[in-house]
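Please look over the sequence and the model below. The report covers a helix pair and a cavity.

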Amino acid sequence: MNITGFNQTDGCLPYVCSERSVSTAVYVLLYICAAAVVLLTVFGNLLIIISVCHFKQLHTPTNMLILSLAVSDFLVGSFVMPMLLIWTIESCWIFKRVYCIFFLLTSYFFTSTSIYSIALIAADRYFALSNPFIYTESVSVNTMCVVVLCSWFILLVYILALLYFNIPVVKLLMCPGDCFLLLDEIWSLVDLVVTFVFPFTVIIVLYVLIFIIAKKHATAIRELNAQTRTQTSGNTSESVSERKAARAVTTLIFVFMACLFPYFVYTLLGDSVAFESLQDVTIFLYINSAINPVVYALFYPWFRKCVKLTLTLQILKTDSALMNVLS
């Protein structure tokens, strides 16, 4: 594909969509890999959505946050990743300008909702452990749904403001071949704090506190088991549970940090970063949406059981929503 053009009157720079520099086999392989990533993201998160929505046993406040995360990642895989991967493979934005605005809006919004869903999960777990009685009495499924909807609305308002004050609309509509948003220094700092520093700090601090509380609870249980002479079996089950919980939390935090940190570092550097490098770390950012279902599959038995029931079509049976998926 070779597209060239130049419009001197509107200030557009010359643009060129050059012929692909790789062989046809590599070109096809790239699209196959891109399709595999998109399908993993879409169907992996769709399985989470079906599981939480269908099985009554999973209708808990915490799982409403997991549902929010899965919906965000599902939308990333459906609307953002296909255009981004095609753009990267073709080395040129081949879609119409209206899709560029749609791409910028959805990419910023769905990524932000995904990040804040993880932060809300951390806050939910801390509140449940630190104040279990108050949590049980005050936090319901409906309450958590309101919290999720409010967070999505606030983030939507923020993203609209971000795009409104930073998109050069005329140039965006008149200059084919490109679709990117370079923030000025102030907005880069604001976006870094709002979409990375603040939620990541919340996640780290709260999970540290969660580990401290869980350690105290485990110590108290071991002491109680020792007094009732059931220390051996109690310690074994508790130690296994602690290791599984620590492994799951550590993996989630590591994946979150590994996928998001490079993008925000490059964003903060601004014009000093090559555009191709920024595209690479952007893809790495969205890979997080594909990895989350894999993490659930590895560390959460209820998800594996729900996937089995869904793929074998057992969820179509009468009263399948009442099946026990937690045992």
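What follows describes one helix packing and then one internal cavity.

The model is predicted.

**Helix pair**

Take helix α2 (residues 61-90) and helix α3 (residues 97-130). Their axes come within 8 Å. They cross at roughly 155°. Angles over 145 degrees count as roughly antiparallel, so α2 is roughly antiparallel to α3. The crossing of α2 past α3 is left-handed. The contact of α2 with α3 includes 17 nonpolar residues, along with nine polar and three charged ones.

**Cavity**

The structure holds four cavities of 30 Å³ or more. The second largest cavity has about 90 Å³ of space. Which elements give two or more residues to its lining? They are α3, α7 (185-227), α8 (231-269) and α9 (275-299). Helix α3 supplies the largest share of this lining, with five residues. Among the lining residues are Ser107, Tyr108, Thr111, Ser112 and Ile115. Asp191 and Thr195 also line the second largest cavity. So do Tyr263, Phe264, Leu285 and Tyr286. By class, this lining has six nonpolar residues, four polar and one charged.

The table sets out the class make-up of the two sites.

| Site | Nonpolar | Polar | Charged |
|---|---|---|---|
| Contact of α2 with α3 | 17 residues | nine residues | three residues |
| Lining of the second largest cavity | six residues | four residues | one residue |

Helix α3 links the two parts of this report: its axis comes within 8 Å of that of α2, and α3 gives five residues to the lining of the second largest cavity.

Technical notes
Residues numbered from 1 in each chain as written. Predicted model: local features only at pLDDT ≥ 70, side-chain atom pairs only at ≥ 80, totals over all residues. Heavy atoms only, no water. Axes fitted to C-alpha atoms, helices over the stretch in contact; angles between N-to-C directions. Helix = DSSP H or I, 4+ residues; strand = E, 2+ residues; numbered from the N terminus. Parallel < 35°, antiparallel > 145°, perpendicular 65-115°, else oblique. Left-handed = near helix turned anticlockwise from the far one by under 90°. Nonpolar A, V, L, I, M, F, W, Y, C, P; charged D, E, K, R; others polar. 1 Å grid on protein atoms, 1.4 Å probe; cavity = no way out; pocket = protein on both sides within 12 Å on 5 of 7 lines; lining within 4 Å. Points joined across faces, edges and corners; volume = space filled by probe spheres on them.
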